[in-house]
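Biologist: I am new to this structure and would like a close look at one part of it, the inside. Please take me through the packed cores first and then the empty spaces, with the residues around them.

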Amino acid sequence: MDNKKLADRLFPKVHMTPEELEAKFPPRKLPEGAKVTRFAPSPTGFVHFGGMYQVMIGERLAHLSGGIFYLRIEDTDSKREVSDAARRLIQTLRDYGINFDEGADIGEDGTICDKGEYGPYRQSLRANIYHVYAKKLVSEGKAYPVFTSDEELEAVLAADKKEENKTKDWESEAEKQRLETLKNRNFTLDTVEKELAAGHKFVLRILADGDPNKKTIFDDLVKGRLEIPENDEDFVLLKSDGIPTYHFAHAVDDHLMRTTHVIRGEEWLPSIAKHIMLFRYLGFRMPKYIHTAQIMRLDENGNRKKLSKRDLGANMDDYDEKGYPRESVTEYLMTLINSNFEEWRAQNPSKLYTEFPFSIKKMSVSGCLFDYDKLMDVSKNTIARMSARQVYDRLLSWTKKYDTEFYILLNDNEQYAIDILSIGRGGKKPRKDFGTWSEVRNNISFFYDTLFTPDYEYLKNADKQTVLSVLSEYPTLYDERDDQNEWFTKLKSLASKLGYAPEMKEYKENPENFKGSVADIAMILRVAVTGRQQSPDTFEVIRIMGREKLTKRVALAQKSLF
RNA sequence: GCCUCCAUAGUCUAGCGGUUAGGACGCCGCCCUCUCACGGCGGAAUCAGGGGUUCGAGUCCCCUUGGGGGUACCA
């Protein structure tokens, strides 16, 4: 068999040589140790939490080392492609502030374009490049065509469909046999000519020379040293439409784009033997690999399952709608990626996460469970670290999108809103009232008359005479010039006058001497003013509301008693 | 079935041959306190099981078990 001739027959239109491609995409001129990483999603949906996990790793690795982080769209499967998915993917990544140095991008006109010298960055646009290497492999006898008639092709596609329906059963020997017959290493140039002349399509398969009884050593940067059996499967390089499979595209692209570190999910681990073989056949040096553990969820039987598309928390676009600040999610991601991040964060509350000394060594080997409680905690801390101004701005843009009524209130009186959001903010131990923007409304609604839905149950159940006395006397007692101490002293004296203990200690020691304590008096005031039994410091609340609103609220409470 | 990865409390983890097994989230209690939040203190809860190796094992090796992933002309 003349492989050279076969290659020419199979790829008559390919005239470029691998050497020319090498010259066109030369090794990058980067400082020693600079890493080139990439995010390479297929445009079949939204950015997944697990994908984002990989994005963060790739981005940090590249930019911490002075390297390049690029975006490649792996659109080799037209059947599964979702229209507009690529654009939305890019937009989501932008929303999260992820900075790509090169790769697919959204242009001025809203369509996808390429940015950078190592493109095209969409695999569907790289067919001619793959074919150069396909031809080379054929001419060296390392790959061969397998022709399928239309009927056979149909059978294959039907089998595919069956698999999609999850009736996959690999114990079926017949199924295996059927696939076996589809590949045929023994053929002549004549038969190839005949098939081509008949217009039959072919897939290009690799001619595997591996022995599965032998093991290859593979060093993964997080998983460590692995032993995997050599590949003996003549896997498909080029599908019948001439588009490469993942394996082939991976080898060609990551070589030509000069990727130094491949970060991908551990579902690729079993394919490593294939990739080792491919890189060897092609004469490429292998990049380093980081196979990341998957993010899991619990199924109804209590088993862990990969967090998949439909699961809560999977879609990176959903967090905004739920009100999580984007940086809360990235912070949470960082805590999952490097376990010492939290400690660092505690010591460096005002630094950007990009200043964190991220390390591959600190990455987890096993898959973790997505934990909403933890995300909420991280988010509360994240918001607590913001200034009132920041919180206001962020809240404003969030409500503009999701809660117009609240937005108008916030927007109408900016200073009032900032004053409210300033309560307990700043200092060493800030309040952690909200983890999401969506919680804010309910939390501070009592400050706004139109949102005020008081619950006076407490007042109705308390000693009526006391309540009336507090409500009628307090407004005359109040002086906006008082500081917190003076304010509280006045409250204590009122308590005392009404037969309530001014000091908690006093009350606790001799409860029988009093009708109650200053706490009861304070609660009456709180409920009257806020319409609820739980609120931030009443002094602060009244100070921000001002005398006018105080008077109104007290009057409203009084009215409710009759 | 075969291949492969993983295994410290409910969750995320520290540990890298000698530790009272450390921290965070969640949970419970107490304190602080005008309530809540914050904070402080304390508590319940962990080395999957079994064999080795070693003076000594959470840590190294093997087996078992459990769980994940893969086994496509999908990525």
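Modeller: What follows goes through the cores, the cavity, a pocket and some single residues of this predicted model.

Start with the cores. The largest nonpolar core is made up of 97 residues, and Phe49, Met52, Ile98 and Phe248 are the ones with the most contacts inside it. Among the elements, helix H3, which covers residues 49-64, contributes the most to this core, giving 8 residues. The core is also shared across domains: at least three of its residues come from domain 1 (3-13 + 127-292), and at least three from domain 2 (297-384). There is a second core, separate from this one, with 58 residues; Leu395, Tyr456, Val518 and Ile521 are among them.

To see the packing around one member of the largest core, take isoleucine 98. Once neighbours within four places in sequence are set aside, isoleucine 98 has contacts with Met52, Val55, Met56, Glu59, Phe69, Leu93 and Tyr353. Met52, like Ile98, is named among the residues with the most contacts inside the core.

Next, the enclosed space. How many cavities of 30 Å³ or more does a search of the whole structure find? The search finds 1. The volume of the largest cavity is about 140 Å³. Its lining has 16 residues, and Leu421, Ile423, Arg425, Asp433 and Phe434 are the closest to the centre. Three helices each give two or more residues to this lining: H14 (372-384), H17 (414-422) and H18 (437-444). Of these, H14 gives the most, with 3 residues. By class, the lining of the largest cavity has 9 nonpolar, 2 polar and 5 charged residues. Where does the largest cavity lie with respect to the domains? Domain 2 (297-384) and domain 3 (389-447) both supply lining residues, so the cavity lies between them.

An open space comes next. The second largest pocket holds about 510 Å³ of space. It has 20 lining residues, and those nearest its centre are Arg258, Thr259, Thr260, Arg285 and Pro287. The lining of this pocket divides into 8 nonpolar, 5 polar and 7 charged residues.

Arginine 258 deserves a further look. Besides being one of the residues nearest the centre of the second largest pocket, arginine 258 sits in the loop that runs between helix H9 (246-256) and strand E10 (261-265). With a relative accessibility of 15%, arginine 258 falls under the 20% limit and therefore counts as buried. Its backbone stands out too: arginine 258 has a positive phi of about 60°, although it is not a glycine. Most residues other than glycine have a negative phi, and most peptide bonds are trans.

Histidine 255 belongs to helix H9. Its relative accessible area is 12%, so histidine 255 is buried. Apart from residues up to four places away in sequence, histidine 255 touches Glu22, His250 and Phe284.

Two further places concern the backbone. Aspartate 84, which is not a glycine, has a positive phi of about 75°. Aspartate 84 is in the loop between strand E2 (68-71) and helix H4 (85-95). Is aspartate 84 buried or partly exposed? Aspartate 84 is partly exposed, at a relative accessible area of 38%. The other place is a peptide bond: from glycine 119 to proline 120 the bond is cis, with omega near 0°. Proline 120 belongs to the loop between strand E4 (112-115) and helix H5 (127-139).

Finally, two residues in helices. Leucine 196 is part of helix H8, residues 189-197, and is partly exposed, with 28% relative accessibility. Arginine 9 is 187 residues away from leucine 196 along the chain, yet their C-alpha atoms are separated by 8.7 Å. Not counting residues up to four places away in sequence, leucine 196 touches Arg9, Leu10, Phe147 and Phe202. Serine 469 lies in helix H20, which covers residues 464-477. This serine 469 is buried, at 14% relative accessible area. Leaving out residues up to four places away in sequence, serine 469 touches Tyr474 and Leu498.

Technical notes: Residues numbered from 1 in each chain as written. Chains lettered and ligands numbered in written order. Predicted model: local features only at pLDDT ≥ 70, side-chain atom pairs only at ≥ 80, totals over all residues. Heavy atoms only, no water. Core = buried A, V, L, I, M, F, W, Y, C linked by side-chain atoms within 4.5 Å. Buried < 20%, exposed > 50% of the residue type's maximum accessible area, 1.4 Å probe, protein only. Helix = DSSP H or I, 4+ residues; strand = E, 2+ residues; numbered from the N terminus. Domains from an automatic or database assignment. Contact = heavy atoms within 4.5 Å. 1 Å grid on protein atoms, 1.4 Å probe; cavity = no way out; pocket = protein on both sides within 12 Å on 5 of 7 lines; lining within 4 Å. Points joined across faces, edges and corners; volume = space filled by probe spheres on them. Nonpolar A, V, L, I, M, F, W, Y, C, P; charged D, E, K, R; others polar.
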